[in-house]
Amino acid sequence: MGDDGIDYGNDHEDTESEEDYVGDDGACAGYDDYVGDDEEVLTNQEPADTSHKVITRESLLAAQKDDIRKVVEVLALRPRQARTLLIHYRWNLENLFGAIAEKGYGPVFLEAGLPPPETEVVVPVADDASVSVRCGTCLEDVPTTTATRMDCGHAFCNECWTQYFIIKIKDGQSRRVTCMEHNCGAICDEDKVRDLVGLQDPESVQRYERFLLESYIEDNAKVKWCPSTPHCGNAIRLEGEPFCEIECKCGQQFCFNCMAEPHSPCSCNMWTLWDKKCKDESETVNWLTVHTKPCPKCHKPVEKNGGCNLVSCICGQAFCWLCGAATGREHNWNSIEGHSCGRFQDEKEKEAARAQRDLKRYIHYHSRWKGHLDSLKLEQKQEETVKEKITTLEASHCQVKDYSWLTIGLQRLFRARRALSYSFAFAYFMFGNDLFKDDISEEQNAINQNLFEDQQQKLEETVERLSKLVKVVETPLEENTDDSYMQDIRLQVINFTTLTDGLCRRMYEVIENDLLGSLQLATHHIAPYKTGGAERASEIAAEPERFHIDRTQDIKSESRSKTDCLSIANVAAEHADGDIGGKQVKLEVEVSGDVDMSETPSADRVHKRPNLYPSSPRSCKRFAE
């Protein structure tokens, strides 16, 4: 039984008709134990992976709100505090909960630019216009009604705050706007930024809110934009390992780790090198270096077509082939008149032989990589023709009504053809290249190459036979097709579909376990094999209502009881799995003993700082999370 639930046992012994369509029985030697039946292929599919989510423009708000809500509920914080912490920890909830469990609230808040919860105070709004405060930026004494204090305690006039915020927003620093005070890294209150900037520049407020919203993608290591061109506007959120191939809602398939096209079984590093090699035509340059010499006059490449070392360029310049120096045209059997360049160097001959060998290797692997990709494109065009004929047959009097075995066979063919194509790019770097010369001996490399090429060859043969079968099926799909004939072809397609899937999976296992796995390298990982190819991400439902921050929630979060704090500590430690850095940790939350935590503090009971830090009038306007 394979990982996909398909039994590769010998359920069908009767394959006598196979030679009529795909060749002789000898070509199938060793494959009999993979023969399956159609029910296994049709019903035992890999379950859809729902961990990957498509985030559209409409559902971006809901996705961000969901993470903020989790932090608010677990840590009993204000939503704006939760957002600041998440941005600092790149929207990684596990890292945030783990840091709080290990360090406590105070250090984590200070690192993120927030005042610790136990030191945060609330100062009532000062309405007395006769009291003034000196702005540290413009050095003017302004009334308290026209000055604003941030959570860190620093106060400046509203005009200076507003201009500072607008500059930060236009510079693209909206996600972490820090206090104006020198060496103060505290993050400014989002609501105060909106209120102040909104009075002068509403467009900057919209830009500020958009940046805060898009920080969920820009600062999130597990969320990336879809690389489609033109851009579809969607992003993909990943819950598992980054080494996987995903299909967006728009149909774009890509590797989540490097954002390139799906390239398994190549690692991302291998594919980057291979893609660069193919695009910059480095091997063409290599060939020119080996087989030509630049003319010393016009500098165009000149190829030698005779045995004489005195060559002539089309511009008329004669030069020595051995050293490339310009010469006259007079020469004899032994030398060029007036020129001597010494003896021939053996190193040049070795370099030329090596360059020629590398070029032949590249041409070998490139031609097969390109050839299978071209075959894949032609087979994908064939899919539409097959589907049209299937529709015709389903409406006919033919007894065979279910042709899902054929459509599944096509999809498996596409998946295996793509994997086979990129396996040649993998082989180019894995064997005979300098990429792993320090990690594996020549003897072991030869053993690994034989093991891999054996699996690759079996897969290549089976893929070609399945492709031929599908082509044979396409030709006789007519309304008067004999039922026994269709049943015979159906059995063969099912058998070779199952066989192709098993061999493809086996090749991936060889690469992961026997080749890359033995090297213990963290720089080369491949996406795991999936029968259906790239995993299609499901869409997150859009949020119908905007997320409003309630002031009562802010007040309640400031007055957590001891029981609540202990509960928060337990939950945070549970999210952090209680194990950080290989040791068990315990979250400790300090609660001031001189405060009655059983009551909700009123405005009369808030603690004031000894000197005046005015605040602008609070606004009930809240950003929809």
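This is a short tour of salt bridges and nonpolar cores in a predicted model.

**Stop 1: helix α8**

Start by selecting residues 190-200, which make up helix α8, and show the side chains of E190, D191 and R194. Which residue does R194 pair with at an N to O distance of 3.3 Å? The partner is E190, and the two form a salt bridge. R194 and E190 lie four residues apart in the helix, so about one helical turn separates them.

Now keep R194 in view and turn to D191. These two also form a salt bridge, with their closest N and O atoms 3.1 Å apart. Because D191 and R194 are three residues apart in α8, about one helical turn lies between them too. Are R194 and E190 buried or exposed? Both are buried, and D191 is buried as well.

Next, add R83 and E209 to your selection. Together with E190, D191 and R194, they are linked in a network of salt bridges.

**Stop 2: helix α14**

Move on to residues 442-474, helix α14, and pick out D454 and K458. Their side chains meet in a salt bridge, at 3.9 Å from N to O. The spacing is four residues within α14, which means about one helical turn between D454 and K458.

How does the setting look here? D454 counts as partly exposed because its relative accessibility is 35%. K458 has a relative accessible area of 31%, so this residue is partly exposed as well. As you leave these pairs, here is the overall tally: the count comes to 21 salt bridges.

**Stop 3: the largest nonpolar core**

Hide the charged side chains and select W274, F426, M430 and L516. These residues have the most contacts inside the largest nonpolar core, which has 58 residues. Which elements give two or more residues to this core? They are α10 (268-279), α12 (346-394), α13 (404-430), α14 and α15 (483-516). Colour α13 separately if you like: this helix gives the most to the core, with 16 residues.

Zoom in on M430. Apart from neighbours within four places in sequence, M430 is in contact with M270, F436, N445, L515, L516 and L519.

**Stop 4: a second core**

Finally, select L61, A63, L93 and V108. They are among the members of a second, separate core, which has 32 residues. As a general background to these last two stops, nonpolar side chains tend to be buried together in soluble globular proteins.

Note on methods: Residues numbered from 1 in each chain as written. Predicted model: local features only at pLDDT ≥ 70, side-chain atom pairs only at ≥ 80, totals over all residues. Heavy atoms only, no water. Salt bridge = Lys/Arg side-chain N within 4 Å of Asp/Glu carboxyl O. Buried < 20%, exposed > 50% of the residue type's maximum accessible area, 1.4 Å probe, protein only. Core = buried A, V, L, I, M, F, W, Y, C linked by side-chain atoms within 4.5 Å. Contact = heavy atoms within 4.5 Å.
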